[in-house]
Structures are given as structure tokens and as C-alpha cells.
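Work through the exercises below with the structure open beside you. Try each task before reading its solution.

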Amino acid sequence: MNFMKSILGSAAALAIGASAAVADPAIIFDLGGKFDKSFNETAFNGAQRWAEETGGSFREIELQTEAGREQALRRLAEAGSNPIVMTGFMFADVLSKVAPEYPDTRFGVIDVGWLDMPNLRQYIFNEHEGSYLVGMLAAMASKTGTVGFVGGQDIGLIRRFGCGYAQGVLAVNPNASIIANMTGTTGAAWNDPVKGGELTKAQISQGADVVFAAAGGTGIGVLQTAADEGILSIGVDMNQNHLQPGSVLTTMLKRVDNAVYDAFKGNGDWAGTMQGVVGYAMDEHNASLVTADMQAKVNAAEASIKSGTLSVHDYMSDDSCPVLSF
Amino acid sequence: MDFLTIIQVFDGTLRLAAPLLLVCLAGLFSERSGIFDIGLEGKLLAAAFLSAAVAFVSGSVWIGLLAGIGVSVGLSALHGLASITMRGDQIVSGVAINFLAAGLTVVVAQAWFGEGGRTPALKSGARFEPIIFPGAVPSKEMADVGPFMQLYSELLSGHTLLVYAALLTVPLSWFVLYKTRFGLRLRAAGENPAAVDTAGISVVGLRYAAVVIAGILCGIAGAYIATSLQANFVKDMSAGRGYIALAALIFAKWRPWYALGACLLFGFLFAVDNRFQNILLPAWSLSGGLLLMALALTGYVWRKDLLDKFVLGGLAVGLAFISALIVVNVWGVGMGNQIKVPVVFIQSLPYILTVLVLAGFVGKAIPPRSGGVPYVKEK
């Protein structure tokens, strides 16, 4: 009954929204899906926070196919949504085509930093720096000196995670070995927990005792297998420490929620490129895994990254990684 | 590469081959009776979802398994209704089942648990636990024991019940299909249903029995991936395994023992892909291997039809060309130089192999003669 109500309710809300032409903000979730317990869900949380604080409402589209990007974007723009926020760098091509056609609509995009349009605000995150921090934690927690990395789709952004992670590991333990695997080369690689689990098992058999998953829904399988096999894992994007308490060492946080919240508020000058916040998660689920000493070292590194005395190599700056081959 | 690594790859092979094998045999029963089943993927996904959901709610993995089998058999019955009773197009019905499962699982999971189309993680007791054989050593001490013990502890022991069940299904299927009256009739229904009907046996009944068996096997496979390999359902978690099983079925030429071989081979390729990110091979072996394949192809098509000569001959020329390219490229640094085989190539091997079988290169794959044709009784 509740379910039916919510369907009817959302249908009614859509109908009202279309006729009233009030400039409600809108968000488009990328292929991983709204509730991926990771990237897209963080974005959703940011939108929710905005809705709760302002009492406003927003529209959303969950992308179903690669081909639906342009259609989804145009539909929202035609319906008068403003601003329209997109999660994911895959929107870059479509945006550069559609955005100039709707000069009065403000567009916001996460993970794109190379476009330049008067009605576009871009949010980028230094994932390599956040990954560097969790890489340090991984190396300090590892007893075998071997750590693993499981990526989702093999794209530059995910290699950026892997490369930053490897640098953090080697900063703590120069003799450590890093095993890096990608789940696949298509969008299906974001939702294959079985393969994620198998990759984790393969890494464990090569000696890994901490595995970092930057793989959307596939990562759920990595965290599960790590817990089954009694090793540590590291989550990504949204705080995943609670998924397997006592087995998830930490989560590399990417505050996409803050970015979406900021875009929905839409303060200040719209155009430009914003720097999002990255970090690592501490809560009651991993308090026993991360000692005060480990935290102090990571916090020191975080401070020196901020002050510029420590620079982490960005894979996407030259499409290569000095310490890890993919 | 040491012995333990090989054992571990074979261990991964078994884990990955088990669901493929169950789904492949499901397709085998269905298609042998004359019903093409493209909906294997959807049944696998639906069973994965409901088994994980019910196992979580009931706290018992066995009730979860039954629920998974139940929903899979239900979808099979739907397929049967559309394609046997209503004589609809079997491919269309199968595709519809795939879409239905992909959408419904997520929607129902969201309405039921509110975790965004996932089911909550199962606690131990609500999932299939590995069976440790007596005397097997845990994986942490594996490196210290002898090769025989490694084989015993890593490869033979430590799988869940469903893996052993999947392996046992092969001789069972062979026995049912080739040594029982029911099996003979079922195969006949796929080859010449009119003859079966003339003998006074119900073609419709046989085909329904076959799709129900397919449903049961898909149900077990779904429960295996959601409650044994993993501990919850995630959207689209079957990740195309139903289609890969269909490829394996063609590769196996619709025979149970061949199906075991095909699924183990595919599982092995996946396990290799998981274990080795990039495989390094000396240039001479790579280039030589490609040249040998080109020569074998040329020899094979020598006395074939013009079309075969054209297609496979072209393939042979392509292989020889790549081989020559490698030689030209590494000649300066020596033929012993290591060349990286991209992981994507290993991932695509199952499909390349299937295409080769379909092209008639590894024997001929002839589907059941009346497959895909609804049976209409003569008036």
C-alpha cells in the first residue's frame, strides 16, 4: 500500500511540476544506479539534504542505458528544471552539445573539469590524494606487506584512484607490493560482485591482506569476500565502514553530497570549476582497526598535501603511473 | 609459477564453472526438448534475488534455495505457457523474461528492504558454508604442506555443497537423457515431435517437463551466486552468466559431458583472467603459436567450400599478419623478449571459441532439429 502510494505520489508530483514550471533543481544519476551504496547514492544524499533543509523538491532521472544520456538531459532542460546536476564524467560529451542550446539553464557536473561554458559549473575531486591517504593506512595495517586494489571499469578516473593508492602504500612501506586488478572494460563492471569477490580471492592467494575497492556495486562483493576470508578492506565514495563492521579498515570519502548540495543551493557565480573534498572515514565501526598513531601519520600527510609540500602524482595528468602498471 | 598457484587457479575455475554448468545443463534440457531458452539469464537473476531475500527473512538458506527454485520454475512455466501452449515465439518470450527479471528484482527489492535494490547481507547460517573435508589444512598454512595435501585442501575441499551438487548433475543429466525412456522421448521431442506424438506420447507434456527441469537448475545456480559466492543480491549480479552458459551450450554441442568440459574451460579462462592481470609471453612463442594456428586453419579449409575458404582463409591470413608484425617489431631486441598479452584478449576467448565452433572449425554444432518450432498437432 505504501509502495503504491509512493508511486502515485511521485507521478502526481511529476505532473504538477510539469505544469507549474517552477524552476526545481534536477539530478541525473549515472549507470551504477541511485542506490549503489557509493558514488551515486552520495549524490542522492546531498540532494536529499537540500530538500530537507529548504523544503523544496527536486526531480531525478536514473540513467538506464548509455544511449539515454542526451535524452534524459534534454527532457529535464525542456521541462524547465534549473539547475540540472549530473553525476559522472561520462556526461562531458553530451553536455558540450546540449548546454549551449539552453543558455538560461544552469548545468552542474561532477568529475568533469575540462569544459568551459558560461552556464556550466564543474566539480572535481582529487581522488588521487584521498586514495594516497587510505593507501598509507593500508600499508600500516598490512602484516604481509602486500596490498590489493580492485577497480571497476578500466578508465582513467579509476586508474587515478589506483595510482594515488599505490603511492600512499609505498610512502609508508617502500618494499610493499601492490596487486591491481580491474573488473572489466564495460559498464557491467560496476555491478559484478561475484567477479569482485573472485578478484579479491585471487589477490589474497598472492598474499594481499588489505584490499581497496573502487568499483561501485562490485565493491560490495570485495568487502564481503574480504570479511569472509578474514582480511581488511577499504570502501569508497560513501562511508562503507558499516557494511562489514570490523573488516572495513576505512573508506576513501569523496564528498559528492556536498557538491550536489552546493549546486542545488546555487549561490554565487555559477560558472567555473569547484574543488570537492576528499578524505578518509573514521567512526565506531573501524575505531579498533585504526590506531591513534596511524591516524596521526595520515593527518600529517593530509596537512602537507594541503600546504603543497607533498604532491601526489595524478594519473590523469599524463596517463601514466610511475609506481604501478595497469 | 609454482604448483600452489596452479591449484589456486583450478580452485577458482571450479567456483566460477559451477553456476555456468548448472545454467548450461538447464539450457540443455530445455533445448533438447525443442524449446530454445534465451531467458536463462533472467531466471538466474530472479532466483538469485529471491533466494537471498527469503534466506535473509527466514534465516534459513534452505528455505531461500527453495524460494529461488520456486521463482525460477515459475518463470519457466511462463515461458512454457507462451511458447508451448500459446505457440508464441520462443526467443521473444525468453527476452521478455530477461527484461522482467532485470526490472522486477530491483523494484521489489527496493519496496521490500529499502536498501536501493539490494538485499541485506546474510549472516552465517543463512548462507551456504564451505564444506571442509577431514584433515584439510586452512589456506594460511597451505604453503607449508606437500603438493598432494595442497590439491586435497585447496581444490577438492572447501567448496559449498552446491558446487559438488553441480558436478554431480552432469552424470545425472547424462543418465536421464541417454539411459532412461523419459530421456529418449525428451530428445525425440526436440528432433521429431511428430514421431513422438504418433507413438501416443504427449509432446506438450515432455516439453513442459523439460522447461521445469531447466527452472530447477537455474534456481540452484541463482541461489549459489547470491547465498554462497556472495551474501546478498545486487542489481544485475548475474552479469551475463546466462548468456555465457548459452555460448557454452553451443560449444558443448548440446551434450552433458561436453557441457562439463566447456564450462570448466570457460571457468578456467575467467580464473586466469582474475589471477593474472597481464600475461607475459616470450615473443617467439606468441608469434610461433599464431603462425601454427594460421597453418592449421589453412590446412583445414583446403578441401572446404568456397565460403569457408574465404572466411577462414581470411582469418588465417590475419593471424599470419599479426605474427609477422610481432616478429618485425621485436626483431631488433631479440625474439626472447616478453610481450604483454592484454587481459581483454583472455576475457574474450570464450566468445572467440564459440564463434569458431559455430563456424564449423571444431566439429559441427547442430542444434536439435525441431528447436524453436512450436509443435502443432495435425488435424
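Four exercises follow, each with a worked solution.

This is a predicted model: local features need pLDDT of at least 70, side-chain atom pairs count only at pLDDT 80 or more, and totals for chains, interfaces and linings use all residues. Residues are numbered from 1 along each chain as its sequence is written, while chains are lettered from A and ligands numbered from 1 in the order in which they are written.

**Exercise 1. Describe the side of chain B that touches chain A.**

Step 1: Count the residues. Chain B brings 23 residues to the contact and chain A brings 25 (two residues are in contact if their C-beta atoms, placed from the backbone, lie within 7 Å).

Step 2: Find the helices. On chain B, H1 (3-32), H9 (203-229) and H11 (256-275) each supply at least two residues. Helices (H or I, at least four residues) and strands (E, at least two) are DSSP runs, numbered from the N terminus. H1(B) gives the most, with 4 residues.

Step 3: Sort by class. This side of chain B has 10 nonpolar, 8 polar and 5 charged residues. Ala, Val, Leu, Ile, Met, Phe, Trp, Tyr, Cys and Pro count as nonpolar, Asp, Glu, Lys and Arg as charged, and the others, Gly among them, as polar.

**Exercise 2. Place strand S6 (residues 146-153) of chain A.**

Step 1: Check burial. In S6(A), 7 of the 8 residues are buried, so the strand is largely enclosed by the rest of the structure. A residue is buried if 20 or more other C-beta atoms lie within 10 Å of its own, with C-beta atoms placed from the backbone.

Step 2: Find the partners. S6(A) pairs with S7(A) (residues 177-184) in the parallel sense over 7 bridges; strands pair if DSSP finds at least two bridges between them. Here Thr146(A) stands opposite Ser177(A). S6(A) also runs parallel to S8(A) (residues 210-214), joined by 4 bridges. There Gly148(A) faces Val211(A).

**Exercise 3. Which residues does Val23(B) contact, leaving aside its neighbours within four places in sequence?**

Solution: They are Leu40(B), Leu44(B), Leu217(B), Cys218(B), Ala221(B), Arg241(B), Gly242(B) and Ala245(B).

**Exercise 4. Check the length of helix H4 (residues 90-113) of chain B.**

Step 1: Work out the span. The expected value is 1.5 Å times one less than the number of residues. For the 24 residues of H4(B), that gives 34 Å.

Step 2: Compare. The end C-alpha atoms of H4(B) are 34 Å apart, which agrees.

Step 3: Look at the surroundings. Buried residues of H4(B) include Ile97(B) and Val106(B). Their cover includes H2 (40-58) and H3 (61-85) of chain B.

Technical notes. A residue is buried if 20 or more other C-beta atoms lie within 10 Å of its own, exposed if 12 or fewer, and partly exposed in between; C-beta atoms are placed from the backbone.
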